[in-house]
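Me: Please take a close look at one part of this chain and work outward from it. Which strands run beside it, which way do its residues point, and what lies around it?

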Amino acid sequence: MDEQRNDYGFCPKCGALMQNGKCPSCGYAKRVSWGDSSDADWRETEPPKRGMSTGAKIVLAVCLILLILLIVFVVLGAVFAYRSVSSSSNGTEDLTEGFFDFYGGGSDDDYLYDDGYDYDYDYDEYVPSADDDYYEEFVSSTAQGLSYSVDWHYETIYPDDELSDGYFSVEYPTLSGDDEELLGKINDELRKLAFFYEDSYTDEGAYVYVTGYVTYMDEELLSVLFNYEVYGSSSSLYRLFAVNYDMSSGETIPYSEILQEEDDETLAQRFRSQSETQNGSISDLDAMSDEELLTYLTDDTTRVVFYTPVGVELGFNYDGGWVTVTLKDKTL
């Protein structure tokens, strides 16, 4: 059957009609060998392979160029970004160095500012002395080498309600030493005084600060002062309370015993005069009559009396706060 297809011009491979010795369907072509021109010498050939066109080559070249340019831009961008970050870091370091030089005083650069004032930021704690004209501020004056010593306790209490922002903060002294029973009794009393306003912090938005001071101590006498500050949402309270102990018995010393030689008729005027020297002008005190002032100074519910190395400090509490003055003639 294959020979008959060759004679009639049909493709011996797929049977399609040959055209000019080549099958248009499968590509079969009849070839005559150079050594023999017989028509019987048929050979099957594969379709010629076609190479890449010129247009495709151009497109590929353009793509390669664009890819190379993209890589170059990415690399250059990374390099510039690194240099930029390095420059920023160096600039920040320079600014920081200048900042610390300015405030640390380690640089004499032109930008240092001198306003002509000599600022002294060092704070020297006040140490009371019998030579002082008056007791300048509340401080603790503890002593060493006694049969008892002072320990300090700090506590902060927050309300159970996590939404409340109030709290109670207290600093107070306790005693330790040879006579544990006597000192234990005093410690119980001091703690009660320290926590006197403990319930006030539970009020909405209330803050309570209590600071205790040992204003004087020796083998015979101990004076402790408490400064209460209660800040509420609508009002505030400032109050002093002092307690003086006879350390031989552990009993408190009444205010009247400390001030027994004072003349009530002149006490108000003496208090005003000393307050003017010690505290300057106080409008609330100036507005009081001598009778009102004397009432505050003689009532144990409003007055406060305690010992200091400078002398006896006498004061009173009133709605606007408190005022104290030093009685130098009662220096121990």
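**Strand S8 and its surroundings**

Reply: S8 and S9 are antiparallel and are joined by seven bridges. This description rests on a predicted model, not on an experiment. S8 covers residues 312–318, and S9 covers 321–327. A hairpin of two residues makes the connection between S8 and S9. Within this pair, Gly315 faces Thr324 of S9.

S8 also pairs with S7, which spans residues 303–307. That pairing is antiparallel as well and has five bridges. Tyr307 is placed opposite Val312 of S8. S7 and S8 make a hairpin too, with four residues between the strands.

Is S8 enclosed or open? Seven of its seven residues are buried, so S8 is largely enclosed by the rest of the structure. Buried here means a relative accessible area under 20%. For the whole protein chain of 332 residues, the buried share is 32%. The residues of S8 point two ways: Val312, Leu314, Phe316 and Tyr318 to one side, and Glu313, Gly315 and Asn317 to the other, and all of these are buried. A charged residue, Glu313, is therefore among those that are buried in S8.

The side with Leu314 and Phe316 leads to the largest nonpolar core, which has 34 residues. Leu225, Phe271, Leu314 and Phe316 are the members that touch the most other members. The contacts of Leu314 can be listed once neighbours within four places in sequence are set aside. They include Leu259, Leu267, Phe271 and Leu297, together with Val304 and Val305. Val323, Thr324, Val325 and Leu327 complete the list. Val304 and Val305 fall within the span of S7, while Val323, Thr324, Val325 and Leu327 fall within that of S9. Leu267 and Phe271 are in the span of helix H5, residues 264–279. Leu314 thus has contacts in S7, S9 and H5. A second core, apart from this one, has 27 residues, with Leu182, Leu183, Ala194 and Tyr245 among them.

The side with Glu313 can be followed to a pocket. Glu313 is one of the residues lining the second largest pocket, as are Trp322, Val323 and Thr324. The rest of that lining is Tyr135, Glu136, Glu137, Phe138, Gln278, Asn279 and Ile282. H5 and S9 are the elements that give two or more residues to the lining. S9 has the largest share, with three residues. By type, the lining holds five nonpolar, three polar and three charged residues. The space in this pocket is about 150 Å³. Val323 and Thr324 appear both in this lining and among the contacts of Leu314.

Some of the lining comes from a loop. Glu137 sits in the loop between helix H2, residues 54–104, and S1. With a relative accessible area of 32%, Glu137 is partly exposed. Val127 is in the loop between H2 and S1 too. It counts as exposed, at 65% relative accessibility, because the cut-off for exposed is over 50%. Val127 and Glu137 are 10 residues apart in sequence, and their C-alpha atoms are 9.3 Å apart. From Val127 to Phe138, 11 residues along the chain, the C-alpha separation is 9.9 Å.

Past that loop, the chain enters S1, residues 148–157. S1 belongs to an open sheet of six strands with mixed pairing, ordered S1-S2-S3-S4-S5-S6. S1 and S6, residues 251–252, stand at its edges with a single partner strand each, so one side of each has no neighbour in the sheet. S1 pairs with S2, residues 167–177, over 10 bridges in the antiparallel sense, and Ile157 is opposite Phe168. S2 and S3, residues 207–217, run parallel with five bridges. Phe168 faces Val208 there. At the other edge, S5, residues 236–246, runs antiparallel to S6 with two bridges. Asp246 stands across from Glu251 in that pair.

Over the protein chain there are seven helices and nine strands. Of its contacts with a separation of 6 or more, 51% are between residues 24 or more positions apart.

Methods. Residues numbered from 1 in each chain as written. Predicted model: local features only at pLDDT ≥ 70, side-chain atom pairs only at ≥ 80, totals over all residues. Heavy atoms only, no water. 1 Å grid on protein atoms, 1.4 Å probe; cavity = no way out; pocket = protein on both sides within 12 Å on 5 of 7 lines; lining within 4 Å. Points joined across faces, edges and corners; volume = space filled by probe spheres on them. Core = buried A, V, L, I, M, F, W, Y, C linked by side-chain atoms within 4.5 Å. Buried < 20%, exposed > 50% of the residue type's maximum accessible area, 1.4 Å probe, protein only. Contact = heavy atoms within 4.5 Å. Pairing = 2+ DSSP bridges.
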